[in-house]
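Visitor: I am new to this one. Please pick a single starting point, look at it closely, and then lead me outward from there.

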Amino acid sequence: MSEQTVINDMISIERIGDIALICIDNPPVNATGQAVRQGLLTAITDLNAAAQVRAIAIYAAGRTFVAGADIKEFGKPFVDPSLPDVLDAIEASALPVISVLHGTALGGGFELALATHARVGIKGLRIGLPEVNLGLLPGAGGTQRLPRLAGVAFTLDMALSGKMVPGADALAAGAIDQLVEGAPRDVALSAAQQVLDGALKTRPTGSLNVVADAALLEQTADKLRMTQPHLYSPHKIVEAVGAATLPLSQGLQIERQAFMDCMNTPQRAGLIHAFFGERATSNIPEAKGDARPLDRIGVIGGGTMGSGIATACLLAGLPVQMIEVAQDGLDRGMATVARNLEGAVKRGKMTEAARDAALSSLSGSLQMQDLSDVDLVIEAAFESMDVKRQIFTQLDQVCKEGAILASNTSYLNIDEIAACTNRPQDVLGLHFFSPAHVMRLLEIVQGADTAPDVLATGFLLAKRLKKVGVLAQVCDGFVGNRILAFFSKAVGYMVLDGASPAQVDQALEGFGMAMGLHKVFDLAGLDIDWAERKRQAAGRDSSERYSGLHLDRICEQGWFGRKTGKGLYLYDGKHPTPNPDALRIIDDVRAELGIEPKEFTAEEIVDRYLTAMIIEATRVVADGTAKRPVDVDMAYLFGYGFPRFRGGPLHEADQIGASALVERIEGYAKEDPHFWQVPPLLREMASTGKTFADLNH
Ligand code: T1G
């Protein structure tokens with residue numbers, strides 16, 4: 001016989017004899033929002049005052065135990081009770097409190113478990129302390145209680161990596177006490193009964209001591225100074241864990257202060273913007289409609305992109321039919337896919353069995369006719385409109401009715417490609433980023449006639465491939481490459497005016513870019529952009545200052561970067577070194593143009609680079625090529641190595657402020673009024689006080 005008590009619409013109590021079960025029910029992930037915190041506090045307090053209760057067990061409804069504090073509350077005025085206060089009350093409970101963990105017990109959710117007196121996992125459980133991914137640290141006892149259960153090393157590894165730890169490993173480390181099968185409520189009742197019977201020993205963390213490990217802490221701090229120079233919270237995590245050898249109440253105070261220090265940083269705002277932004281790009285009407293079947297994929301082209309795309313599809317369990325024009329190209333493509341999958345096995349991303357299954361679902365052919373049964377074709381052939389026209393004309397004849405025809409083109413006009421078929425409604429752009437089985441950005445380019453269910457299928461593919469799908473409209477370069485083309489000119493001007501490529505790269509990497517722009521150019525191949533500059537030469541505005549003369553001259557030497565061993569850098573050693581011959585060419589071009597080289601500080605390099613990026617990003621939003629600022633931000637986080645802790649170019653623009661940006665652009669315009677123009681939207685934002693964040697809603 002049980003008796004139900006509803007505390008609020010997220011917390012309820014079920015009494016079965018002298019056992020009380022507290023159920024948390026706050027879909028979708030049982031985040032500890034204010035109502036959950038208040039409800040838990042009330043439940044624990046009432047039960048400790050109730051008669052005939054001898055044991056309490058806390059479990060959660062739905063697909064997972066508590067997955068953390070409610071991130072949506074961050075940055076807003078705080079509302080009591082705080083999670084640490086609730087957890088302190090749970091730990092202080094005179095009655096034994098057991099937590100039952102299933103799904104992903106993360107952050108404040110796992111910290112809730114740490115404050116209970118025993119922890120029982122359900123098979124399939126993963127625990128984690130992912131706060132570091134949000135610019136934070138476990139702020140509700142994780143850095144103090146976990147070392148008492150599982151030691152300093154295990155705690156540092158979890159809290160600094162933010163990774164999820166399987167239940168079996170958590171059990172082995174002592175972070176949980178049991179790992180069982182069963183439904184959360186039933187396991188909770190059983191666990192409470194075991195505690196009363198003495199079959200399950202409680203381990204209140206407050207009663208345990210920490211084995212100090214000063215050497216590891218010091219070694220970790222040194223390593224972070226090298227590996228994480230930009231991030232703030234990892235260093236605070238080491239500081240907080242170091243306090244775990246103190247009395248618990250003192251350590252919790254130190255942790256709380258460290259947490260608040262992190263909460264007040266721009267990095268926390270940037271990383272939380274990235275967290276929600278990653279989900280927002282597909283949270284749009286265009287992604288929600290009915291999708292078409294996606295059971296078999298055709299990939300045209302076995303080059304770098306084609307084999308990368310095929311690998312990405314196979315990793316997602318999608319069978320692939322690869323088409324090439326010649327046997328040697330097909331053999332190379334299939335071999336590249338096999339190599340990519342082998343790499344995934346080596347990195348622990350897939351089992352050997354999964355690899356074998358993937359390879360068995362890859363077919364290769366020289367016949368376009370073999371695409372007759374695929375649901376989606378992704379063309380990744382040579383970037384020439386003539387080649388695309390020829391291919392799409394053939395696809396139109398070969399592919400079944402309703403098949404989706406996509407091009408991986410990085411800038412060509414999707415509408416022109418669609419016009420080669422009798423089914424323009426089935427055509428869209430799916431722009432992958434190299435390496436296509438690693439980079440998470442997928443630009444989903446909507447043609448004028450693209451049908452709604454075709455667009456929705458593009459977003460479904462992105463989800464299946466675990467990519468971040470960003471909607472883009474047709475224009476030269478879509479979202480990412482259009483912005484890249486613009487700010488690359490600003491960088492070209494700086495090099496012509498006196499900055500060296502290596503100096504620019506060093507400044508951008510100091511800003512947090514994964515790789516300096518010139519190293520990116522060398523990696524992609526200087527000849528790619530050279531062809532692009534030649535393509536655009538005829539249409540270039542005569543009043544525009546040409547930014548690529550030095551790069552043209554370097555390409556004329558056949559120095560294309562990493563693939564030729566020589567470009568802006570030399571690739572003859574362990575690390576790239578500046579190419580002295582390229583520097584001589586740059587000097588010669590400056591002399592030819594009558595330029596007296598000037599000094600650039602790292603700060604000015606970053607300001608010019610970022611301001612140019614923001615100018616074109618603003619235009620891309622203003623003309624609708626990108627749906628919202630957050631879509632541009634996510635494109636740059638997931639496709640261009642923009643530092644995640646900065647949230648993206650337009651989140652960063654909000655930190656600078658529209659007025660300051662307008663003033664900066666007007667300053668630069670004195671030297672080059674053609675290039676440095678204030679976009680009307682930015683000027684309007686400067687006068688109205690609107691931010692890019694306001695434009696995301
Ligand atoms: N708070 C608020 N909303 C959340 C949330 C959270 N913690 N986690 C997920 N959501 C929303 C998400 O925005 C999405 O909403 C929906 O839930 C489904 O998520 C004190 C301070 C749990 C592994 O960092 O890793 O605790 O888009 O699409 O792929 O020390 O969500 O549907 O409107 O990601 O199945 C620490 C973050 C917080 C966990 C599930 N916890 N979440 O993945 O679904 S800080 C985290 C995740 C903290 C304490 C500190 C994943 C997931 P919408 P989803 P999923």
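Guide: Start with one pair of residues: S2 stands opposite I16 in β2. The model is a predicted one, so read each value as computed from that prediction.

S2 opens strand β1, which covers residues 2-8. I16 closes strand β2, which covers residues 11-16. The two strands pair in the antiparallel sense, and 6 bridges hold the pairing. Another of the facing pairs is T5 with I13 of β2. Between β1 and β2 sit 2 residues, and the two strands form a hairpin.

A general point helps here. Strands in a sheet pair through backbone hydrogen bonds, and the pairing is either parallel or antiparallel. Along a regular strand, side chains alternate between the two faces of the sheet.

Now step back from the hairpin. β1 and β2 belong to an open sheet of 7 strands. Its order is β1-β2-β3-β4-β5-β7-β10, and the pairing is mixed. Why does β1 have a side without a neighbour in the sheet? β1 stands at an edge with a single partner strand, so one side of β1 is left without a neighbour there. The other edge belongs to β10, residues 178-180, which also has a single partner strand. From one strand to the next, the twist averages 20°.

Follow the chain into the loops that leave this sheet. β3 covers 19-24, and a loop lies between β3 and α1, which covers 34-49. P28 is found in that loop. The peptide bond from P27 to P28 is cis, with omega near 5°. N30 lies in the loop between β3 and α1 as well. Its phi is near 55°, a positive value in a residue other than glycine.

Another loop runs between β4 (55-60) and α2 (83-91), and P81 is found there. The peptide bond from D80 to P81 is cis, with omega near -5°.

Next comes another sheet. This open sheet has 3 strands in the order β6-β8-β9, with mixed pairing. β6 and β9 (164-166) stand at its edges, each with a single partner strand, so one side of each has no neighbour in the sheet. Here the twist averages 25° from one strand to the next. β8 takes in residues 126-128 and runs antiparallel to β9, joined by 3 bridges. In one of those partnerships, R126 is matched with P166 in β9. A helix joins the picture: α3 lies across β6 and β8, at about 80° to β6.

That brings us to the ligand. Which residues are the closest to the ligand? They are R63, A69, G108, E111 and E131, from a total of 28 residues that surround the ligand. Look at the polar atoms. R63 places a polar side-chain atom 2.7 Å from an oxygen atom of the ligand. E131 also has a polar side-chain atom 2.7 Å from an oxygen atom of the ligand. G139 takes part through its backbone, where a polar atom is 2.9 Å from a ligand oxygen atom. On its own, the ligand has 980 Å² of accessible area, and the protein covers 75% of that.

Some elements give two or more residues to the shell around the ligand: β6 (104-106), α3 (108-115) and α11 (266-280). So two of these names should be familiar: β6 is in the sheet of 3 strands, and α3 lies across β6 and β8. The most comes from α11, with 3 residues. By class, the shell has 17 nonpolar, 5 polar and 6 charged residues.

Key. Residues numbered from 1 in each chain as written. Predicted model: local features only at pLDDT ≥ 70, side-chain atom pairs only at ≥ 80, totals over all residues. Heavy atoms only, no water. Near = heavy atom within 4 Å. Polar contact = N/O pair within 3.5 Å; in protein donor to acceptor, adjacent residues only side chain to side chain. Areas by Shrake-Rupley, 256 points an atom, 1.4 Å probe, with all protein chains shown as cover. Helix = DSSP H or I, 4+ residues; strand = E, 2+ residues; numbered from the N terminus. Nonpolar A, V, L, I, M, F, W, Y, C, P; charged D, E, K, R; others polar. Pairing = 2+ DSSP bridges. Axes fitted to C-alpha atoms, helices over the stretch in contact; angles between N-to-C directions. Contact = heavy atoms within 4.5 Å.
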